[in-house]
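Thanks for coming. I will take a few minutes to walk through one structure, so please have it open in front of you.

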Amino acid sequence: MTEPSEAGPQEPERQGKTRDRLAPRLFGRPVPLALVCWLALIWMMLWGDLSFGTLVGGLIAGAVVTWLLPLPVLDPGIRFRPLPFVRFLAWFLLDLVTSTARVVFWVLRSPSPPTAIVPVRLRTSSEAMTVIIMIGVTTVPGSLVLGADRERRELTIHVLGRSGPHAVVAALTQDEVTALETRIVAAFGTRADRKELG
């Protein structure tokens, strides 16, 4: 998949051609076709009419709005890679099932299941990857991100249902988050993000 921010010497020229096709210039200003189509669809929904005239009116309105009010080009720092995503999803669903079973076991077994607050170091410096990791950790039952230190690349995680010495729980949590980080960066990271993890 083409990654704009890590392009080789021929890549910018190819990207420029793609960008020109997707956002032709009108009186010197780009008009992104995808956004114009999206605005036209909203226009038709607002009018409640699926006629040809409403479609043309929506396209004209969308073109005028995008020409008068151009949006800045933003790169969210996320790339989608299908095969690593499938691997991540399969692993994540398995983790959801096992974590849910562990939490249910402890809740049924004891009125006060074991808990721990564990600091976990991340290897990635990407804000986008860190946010996705935090969402992944919090979505899994039995773990909750309490805080994030961007400078130290560290998450503070509340862990529920892990028995044993604190050092063992901390090491196990670190291993699980590192595995999650590896899969997330493989599925959504840029080339620079993947290189950073080694």
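Reading from the N terminus, the elements of the protein run α-β-β-α-α-α-β-α-β-β-α-α. That comes to 7 helices and 5 strands. This is a predicted model, and everything I say about it is computed. Of the 198 residues of the protein, 32% count as buried.

Let me begin with the strands. Strand β3 covers residues 115–121 and has two faces. Which residues of β3 are on the covered face, and which on the uncovered one? Ala116, Val118 and Val120 are on the covered face, while Thr115, Ile117, Pro119 and Arg121 make up the uncovered one. As a general point, side chains in a regular strand alternate between the two faces of the sheet.

Now the partner of this strand. β3 and β5 run antiparallel, and 7 bridges join them. To find one place where they meet, take Ala116, from the covered face of β3: its bridge partner in β5 is Val159.

Staying with β5, look at the loop that leads into it. β4 spans 143–149, β5 spans 154–160, and Arg153 sits in the loop between them. The phi of Arg153 is near 55°, which is positive, and this residue is not a glycine. For context, most residues other than glycine have a negative phi. Is Arg153 buried or exposed? Its relative accessible area is 32%, so Arg153 counts as partly exposed.

Next, the second largest pocket, where β4 and β5 come up again. About 180 Å³ of space lies in this pocket. Its lining is made of 14 residues, and those nearest the centre are Ser126, Glu127, Thr130, Asp149 and Arg150. Which elements give two or more residues to that lining? They are α5, which is residues 127–139, together with β4 and β5. The most comes from α5, with 4 residues.

Last, the surface. There is a nonpolar patch of about 800 Å², and the residues that make it are Phe52, Leu55, Val56, Leu59, Ile60, Val64, Val65, Leu68 and Leu69. Take Leu68 as one of them. Leu68 belongs to helix α3, which spans residues 52–68. Why does Leu68 count as partly exposed? Because its relative accessibility is 48%, and the partly exposed class lies between 20% and 50%.

That is the tour.

Technical notes
Residues are numbered from 1 along each chain as its sequence is written. This is a predicted model: local features need pLDDT of at least 70, side-chain atom pairs count only at pLDDT 80 or more; totals for chains, interfaces and linings use all residues. Side-chain values use heavy atoms; hydrogens and water are left out. Buried means under 20% relative accessible area, exposed over 50%, partly exposed in between (1.4 Å probe, protein chains only). Two strands pair if DSSP finds at least two bridges between them. Patches are made of residues with over 30% relative accessible area and no salt bridge: like charges are joined within 9 Å, nonpolar side chains (Val, Leu, Ile, Met, Phe, Trp, Tyr) within 5 Å. Accessible areas come from the Shrake-Rupley method with a 1.4 Å probe; for residues, only the protein chains shown count as cover. A salt bridge is a side-chain nitrogen of Lys or Arg within 4 Å of a carboxyl oxygen of Asp or Glu. On a 1 Å grid over the protein atoms alone, a cavity is a set of points where a 1.4 Å probe fits but cannot get out, and a pocket is an open set with protein on both sides within 12 Å along at least five of seven lines; lining residues have an atom within 4 Å of a point. Grid points are joined across faces, edges and corners, and a volume is the space filled by probe spheres set on the points.
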